Amino acid sequence: MIYTLRKLASIAILSAMLFSCADDNDPTTTPISMDDDDYVPIPTSPVVLEMDNFPFDTLSEYNFFDGELKEQNPVLGVIPYEPISALFTDYAKKKRFIWMPSDVEATYAADTELIDMPVGTFLIKTFYYNNVQPDNNTRIIETRLMLKKNTGWEFADYVWNDDQTEATFDLNGSFTNVDFMENGTPKSTNYRIPSDAECLTCHKSQNNPIPIGVKPQNLNSMYDYVDGTKNQLQKLIDEGYLEDNLPATINTVVKWSDETQPIDLRVRSYIDINCAHCHQELSHCDYRPVRFAFNESSDETNIGICVDPDTEIPGMRNIVTPALKERSVMYYRMNSEAEEFRMPLLGRSIIHEEAVQMIGEWIDGLTNECD
Amino acid sequence: MKKITLLICLIASCFFTVAQTTVDCSLGAVNTTYCYTNDDLTSFVFVSSDGSDLVVTFNSGQVENEYDELIILDTNGSQIYNGYGNNGDLSGLTFQSSGDTITVSINSDFAINCTDNGYTQWDFDVSCATCANPSVTYNIVNDCDNSGGFFIDIDITDIGSATSLTVSDNQGSATQATAATILQFGPYTNSTDVIISIQNDQDINCTVNSGSITQVDCSEPPGTTFTTSTVSTSGSQRAAVDMNGDFLDDVVSITNSNINIFYQESSGGLSTSATNIVTTTADNIPSWSLAAADYDRNGYTDLLYGGQNGVTFMRANNNGTAFTEISGSQYVFSQRSNFVDLNQDGNLDAFVCHDVDPNVYYMNDGSGNLTFNQGGLGDDEAGGNYGSIWIDYDNDRDMDMFIAKCRGGATTININEMHENDGSGNFTEVASTLGLADPIQTWSSAWGDFDNDGDMDVFVGASSTANGTHKLMRNNGNSTFTDVTSTSGILPAFTNTGHENATYDFDNDGNLDIASNGSILFGNGDLTFTVHDNMLGITNGSFGDMNNDGFIDAILGTNLYTNDTNSNNWVKITTTGVASNINGIGARVELHTASGVQIRDVRSGEGFRYMSTLNTHFGIGTETEITNLIIYWPSGTIDNIMNPAINTHHIITEGQALSVEDETLFQNITIHPNPVGNLMNIDSPVNLIGKIATIFNIEGKRMMNLKLEENKIDVSSLRQGNYILRLESNGKVHTQKFIKQ
């Protein structure tokens with residue numbers, strides 16, 4: 001059976017415009033009635049949702065984008081978003097989008113937890129590089145999808161062709177070499193396109209697939225949409241994608257690269273999005289002593305300060321040895337490209353120099369006395 | 001970086017502490033003690049009174065290994081030494097100048113120093129090189145049973161240029177020696193800091209002093225100790241295994257395009273320089289594990305690289321001088337890897353643990369072609385497979401596999417598994433019925449017969465104690481195991497966690513020991529252990545006999561841990577298969593002495609990351625005779641070698657000492673019906689339960705193997721034809737032909 005659910009996003013946009021002065025929490029604010037006699041065709045989202053046929057062979061079949069596929073111009077209802085601090089994947093740049101069917105919405109659970117997304121939700125994430133050598137052009141590598149089905153989340157991955165005209169389903173895992181300029185510095189990576197088992201290694205709780213970034217703490221920030229700048233959570237509410245019942249304040253991460261922010265918050269924000277998917281309860285490595293989620297990492301022991309590692313590394317002392325980055329397992333592992341030492345375990349093959357420098361500054365500034 | 005800094009400082013004459021001392025050649029050595037601090041660039045400059053060369057001798061002292069350097073400069077300013085001694089221990093180092101000046105310097109960085117970290121302070125003598133120093137080593141001799149203290153054995157191996165030496169301690173004893181000798185001083189009370197001084201009576205400049213020597217208390221000393229030295233391995237050191245067919249363990253290190261080998265020389269010990277073999281740039285490198293075996297039977301060892309995204313084989317050519325890369329396209333997050341003959345066709349197959357998917361294996365067609373397989377040997381969809389090890393846990397003469405498992409956020413993926421082989425290459429997971437289905441987060445286990453009762457026990461080493469800690473399980477010999485951790489002496493003394501656990505008899509006392517993340521749990525032969533920490537490098541490394549002295553050494557990175565040995569006897573065996581795989585992997589080796597029976601299984605790949613020797617090693621303590629040595633080959637062949645020499649490395653070729661028919665053992669045995677249908681009945685006046693029955697075809701190829709549970713064998717899997725039934729007990733056999741209908 002093939003059916004297309006049409007997104008009545010225009011209603012939400014319209015209502016947001018009409019009632020923009022109204023109290024967002026006012027329960028009397030209701031959408032325009034559908035059975036209005038003055039029928040006007042309502043623009044509908046052209047995204048194709050066929051849960052029984054997921055995954056399609058090609059990315060273009062989903063109709064997520066308008067015009068040339070490589071331009072990634074989202075169609076109606078496909079909403080871009082960006083976490084405040086992002087996962088590092090060998091300096092790849094990313095475009096992220098969310099789409100939901102018309103008659104359902106996500107609900108808030110907690111600042112630190114994924115919004116509870118309805119069946120039919122697509123998360124779309126494209127990985128690309130600018131300034132790819134020798135031609136200094138843009139190259140899109142892959143577009144990863146997650147679809148929420150009745151049975152839970154499922155993964156798909158689409159690898160882009162050389163002409164950048166189409167991306168084809170492939171979850172077997174592969175490598176591709178990318179030489180690129182990053183801030184004027186030439187860099188090179190043997191970029192890893194993940195297999196489904198690798199997707200699951202990070203994207204899971206117990207053994208159930210889950211997204212990672214779509215949490216209020218990561219999205220409570222302004223974003224420049226085509227039609228103006230807006231708070232990302234408000235945008236989702238306005239689109240009808242998120243129930244309008246958020247708490248007054250949200251404990252929010254900071255942008256790790258924002259040097260005006262306190263360094264401990266920058267560090268905790270970075271390790272939340274880069275490390276906490278494995279280092280929290282019910283995750284891949286929850287048997288290790290550290291807890292890196294943003295709401296847990298303010299505790300010194302959770303973040304590894306003065307904590308002995310389970311796995312000793314020659315020359316290292318604690319996971320975080322105050323004032324001594326050179327004797328800290330966290331710094332060592334983030335500063336290593338060797339597979340058996342480097343962290344995060346997956347998704348990185350070259351060193352994130354700027355983050356390593358920040359972690360080093362943070363450790364060297366710690367004054368705790370270990371027993 | 002720091003070395004460059006110092007050089008720049010020297011050139012720029014930037015300020016640092018320099019003390020200059022004259023060494024009066026008529027008065028003898030000048031002693032200096034020093035305890036360095038952070039960012040310390042202190043130099044001690046010594047000048048001889050009469051222009052003689054100078055000798056620096058470190059009695060004791062410590063630097064932070066790999067971070068704080070001891071630097072010695074010659075008269076002309078050139079560098080004599082820049083290093084860390086023996087992993088930071090400077091005692092015993094000596095240097096001589098070419099000229100009247102020598103400089104002793106520290107170059108410490110900003111952290112970790114002698115003053116703040118309780119290091120042994122530097123204690124060194126500088127003397128005029130007018131004579132040759134005596135050569136001396138010191139050994140503590142436990143005297144706990146008598147005086148409650150200790151003796152020191154002073155082993156003077158060379159008196160140097162002296163005609164007589166005065167040997168004294170700092171407790172008021174003195175004696176003379178006129179030739180190489182071993183002197184014993186003491187007894188001393190425990191914790192007494194004893195310093196031995198050895199004075200050349202003819203030349204005051206040739207005095208040598210020990211560092212402080214003491215025995216802290218009367219806890220049991222380790223059965224052996226290790227001396228560290230440096231091997232300049234290049235790349236990731238991964239193996240101690242024979243590569244070139246001389247059966248002596250070599251040291252192998254890997255980069256993505258190099259195989260770097262320190263061959264062991266026939267005269268003993270590793271060659272001083274490495275042989276580097278350039279390879280194609282490997283798709284995968286052995287970040288997670290390396291396994292080694294001669295899977296193409298050409299006499300040269302091949303390698304398996306277990307990488308994070310796949311598996312690469314490096315196949316040695318016919319003289320071992322080059323390797324051909326064979327990389328699979330399949331995604332494998334490799335963990336422990338092994339070579340083993342999975343289908344008992346005489347060809348070595350390869351097994352690789354998968355971290356996040358069902359385990360994989362590569363079947364060898366006998367022409368060296370490997371075919372990828374996944375499924376049937378640990379099929380958890382999310383993997384969790386870390387430490388596979390192949391042993392015959394149920395003594396039915398085939399290889400079973402135990403997997404140490406680990407996984408967070410899980411209740412089933414982390415449960416350890418045992419895959420029992422039915423003798424025909426079919427595997428069944430039986431850990432829960434054995435009592436081995438533990439949730440311990442573990443990356444490897446150490447298997448061995450720790451109580452010498454004829455079956456393999458297991459130490460499951462925790463990588464994290466989040467879901468239970470280390471566990472020692474006794475094999476009851478009846479397919480059950482009993483937790484004996486609480487009486488083993490392992491806990492609470494042993495507190496390490498980590499990836500690496502392996503079994504060897506390090507002190508050759510005939511009782512297997514456990515190496516666990518740098519500690520050795522010395523076995524007492526009764527499932528109790530004495531824990532000694534910091535014996536080896538913190539992740540164990542690769543084990544082998546790198547100097548062919550019959551004692552197991554270890555190599556980790558650039559650090560060679562040479563066994564200091566003791567007077568115990570030993571025997572080593574290289575198993576060379578003929579019908580079986582050429583390395584004899586999977587063979588059960590039984591050693592019979594007056595003390596009893598010891599067993600080993602020949603295996604490729606134990607512990608987590610490293611590859612250790614393919615030779616089988618036994619310590620036999622004070623036994624001076626071996627009654628016999630039985631090898632049960634994977635092909636079914638049984639060799640029984642009578643009275644093999646002790647303290648010898650035996651190369652045993654399959655079939656060289658075939659076990660003889662024993663007329664008395666299985667007298668009056670009959671098979672009926674014959675020809676046999678699906679069920680063979682065996683009539684025997686002696687009890688056959690527990691005996692090993694093997695069926696060969698007429699070409700001698702092993703078709704079935706099982707431990708008898710009744711006097712019947714289900715032979716329905718055999719095709720029509722002529723077969724031979726063999727019954728075996730303690731290396732003696734009875735054979736009988738039969739026909740399958």
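This is a short tour of chain A, ending at one strand and its two neighbours. The model is predicted: local features need pLDDT of at least 70, side-chain atom pairs count only at pLDDT 80 or more, and totals for chains, interfaces and linings use all residues. Residues are numbered from 1 along each chain as its sequence is written.

**Start with the whole chain.** Select chain A and switch on the cartoon: there are 7 helices and 14 strands. Both are DSSP runs numbered from the N terminus, with helices being H or I of at least four residues and strands E of at least two. Next, try colouring by burial; 53% of the 371 residues are buried, meaning under 20% relative accessible area with a 1.4 Å probe, protein chains only.

**Now select residues 152-160.** This is strand β7 of chain A, and because 7 of its 9 residues are buried, the strand is largely enclosed by the rest of the structure.

**Add residues 137-149.** Here you meet β6(A), which runs antiparallel to β7(A) and is joined to it by 8 bridges; two strands count as paired if DSSP finds at least two bridges between them. Show A:Lys149 and you will find its bridge partner, A:Gly152, in β7(A). The hairpin linking β6(A) to β7(A) passes through 2 residues.

**Then add residues 167-169.** Strand β8 of chain A pairs with β7(A) over 3 bridges, again in the antiparallel sense. Pick A:Val159 and look across to A:Thr168 in β8(A), which stands opposite.

**Last stop: A:Gln164.** The hairpin of β7(A) and β8(A) has 6 residues between the strands, and A:Gln164 there takes a positive phi near 60°.

Note on methods: Chains are lettered from A and ligands numbered from 1 in the order in which they are written. Side-chain values use heavy atoms; hydrogens and water are left out. Buried means under 20% relative accessible area, exposed over 50%, partly exposed in between (1.4 Å probe, protein chains only).
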